[in-house]
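Work through these exercises with the sequence and the 3D view side by side. Try each task before you read its solution.

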Amino acid sequence: MPRKVRILVNEDKCYLCGGCAGVCPALAIRVGSKWEFSGDKCISCMICVKACPVGALTAEEVSG
Ligand code: SF4
Ligand code: SF4
C-alpha cells in the first residue's frame with residue numbers, strides 16, 4: 001500500500017513557475033500568486049517533487 005504524503009514548499013526557493021502544478025496528475029497543486037496544495041486530492045506520486053527545477057518541494061509522510 002502506498003504511503004500517503006503531504007507536499008511542502010520552500011517559499012524561499014519557489015519562484016511560482018507553475019511547473020509542479022502542470023505535471024501533477026491529480027490537480028492537487030495550484031500556483032497563482034502563491035503556491036497551494038490540496039492534500040485531499042494528492043495521490044502521493046511524488047512527480048511534483050522530481051519536477052521542480054529548484055528543488056523547492058519535499059514530501060513528508062503523513063500517518064492515517
Ligand atoms: S505527489 Fe503527485 S499527486 Fe501529490 S501533489 Fe505531487 S504530483 Fe500531485
Ligand atoms: S515547480 Fe518548483 S519553483 Fe515551480 S511553482 Fe512548483 S515548487 Fe515553485
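Ala, Val, Leu, Ile, Met, Phe, Trp, Tyr, Cys and Pro count as nonpolar, Asp, Glu, Lys and Arg as charged, and the others, Gly among them, as polar. Keep that sorting at hand. The model is predicted.

**Exercise 1. The largest cavity**

Task: find how much space lies in the largest cavity, and sort its lining by residue class.

Solution.
- Step 1. Start with the count: the structure holds two cavities of 30 Å³ or more.
- Step 2. Take the largest cavity, with about 90 Å³ of space. Its lining has 15 residues, and Cys14, Leu16, Cys17, Cys20 and Cys52 are the closest to its centre.
- Step 3. Sort the lining of the largest cavity: 13 residues are nonpolar, two are polar and none is charged.
- Step 4. Ask what sits there. Ligand 2 occupies the largest cavity.

**Exercise 2. The shell around ligand 2**

Task: list the residues around ligand 2, then divide them into classes.

Solution.
- Step 1. Collect the residues from the early part of the list: Cys14, Tyr15, Leu16, Cys17, Gly18 and Cys20 are among them.
- Step 2. Add Trp35, Cys52, Pro53, Val54, Ala56 and Leu57, which also surround ligand 2.
- Step 3. Divide the shell around ligand 2: 11 residues are nonpolar, one is polar and none is charged.
- Step 4. Find the polar one. Gly counts as polar, and Gly18 is in the shell of ligand 2.

**Exercise 3. The second largest cavity**

Task: give the volume of the second largest cavity and name what takes up its space.

Solution.
- Step 1. The volume of the second largest cavity is about 70 Å³.
- Step 2. Ligand 1 takes the space of this cavity.
- Step 3. Read the lining. Ile7, Cys24, Ala26, Ala28, Ile29 and Phe37 are among its residues. The lining also includes Cys42, Ile43, Ser44, Cys45, Met46 and Cys48.
- Step 4. Sort this lining: 11 nonpolar, one polar, no charged.
- Step 5. Now turn to the ligand itself. Ligand 1 has 13 residues around it, the closest being Cys24, Cys42, Cys45, Met46 and Cys48. That shell holds 12 nonpolar residues, one polar and no charged.

**Exercise 4. Cysteines and disulfides**

Task: how many disulfides does the structure hold?

Solution.
- Step 1. Recall the bond: a disulfide is a covalent bond between the sulfur atoms of two cysteines.
- Step 2. Set the cut-off: the two sulfur atoms must lie within 2.5 Å.
- Step 3. Count the pairs. The structure has zero disulfides.

**Exercise 5. Buried or exposed?**

Task: are Cys20, Cys42 and Ala56 buried or exposed?

Solution.
- Step 1. Fix the cut-offs: buried is under 20% relative accessible area, exposed is over 50%, and partly exposed lies in between.
- Step 2. Cys20 has a relative accessible area of 9%, so Cys20 is buried.
- Step 3. Cys42 has 12%, so Cys42 is buried too.
- Step 4. Ala56 has 3%, so Ala56 is buried. Its place is the loop between α2 and β4.
- Step 5. Look at Val54, in the loop between α2 (47-51) and β4 (57-61). Val54 has 36%, so it is partly exposed.
- Step 6. Val49 lies in helix α2. At 22%, Val49 is partly exposed.

**Exercise 6. Positive phi**

Task: where do Leu27 and Met46 lie, and what is the phi of each?

Solution.
- Step 1. Leu27 is in the loop between α1 (19-23) and β2 (29-31). Its phi is near 55°, a positive value in a residue other than glycine.
- Step 2. Leu27 is at 60% relative accessibility, so Leu27 is exposed.
- Step 3. Met46 is in the loop between β3 (35-37) and α2. The phi of Met46 is near 75°, again positive in a residue other than glycine.
- Step 4. With a relative accessible area of 28%, Met46 is partly exposed.

**Exercise 7. Sequence and space**

Task: how far apart in space are Ser63 and Arg3, C-alpha to C-alpha?

Solution.
- Step 1. Place Ser63 in the segment after β4. At 73%, Ser63 is exposed.
- Step 2. Ser63 and Arg3 are 60 residues apart in sequence, and their C-alpha atoms are 8.3 Å apart.
- Step 3. Try another pair: Val54 and Tyr15 lie 39 residues apart in sequence and 8.7 Å apart in space, C-alpha to C-alpha.

Note on methods
Residues are numbered from 1 along each chain as its sequence is written. Chains are lettered from A and ligands numbered from 1 in the order in which they are written. This is a predicted model: local features need pLDDT of at least 70, side-chain atom pairs count only at pLDDT 80 or more; totals for chains, interfaces and linings use all residues. Side-chain values use heavy atoms; hydrogens and water are left out. A residue is near a molecule or strand if one of its heavy atoms lies within 4 Å of it. On a 1 Å grid over the protein atoms alone, a cavity is a set of points where a 1.4 Å probe fits but cannot get out, and a pocket is an open set with protein on both sides within 12 Å along at least five of seven lines; lining residues have an atom within 4 Å of a point. A molecule sits in a cavity or pocket if more than half of its atoms lie within 2 Å of its grid points. Buried means under 20% relative accessible area, exposed over 50%, partly exposed in between (1.4 Å probe, protein chains only). Grid points are joined across faces, edges and corners, and a volume is the space filled by probe spheres set on the points. Helices (H or I, at least four residues) and strands (E, at least two) are DSSP runs, numbered from the N terminus.
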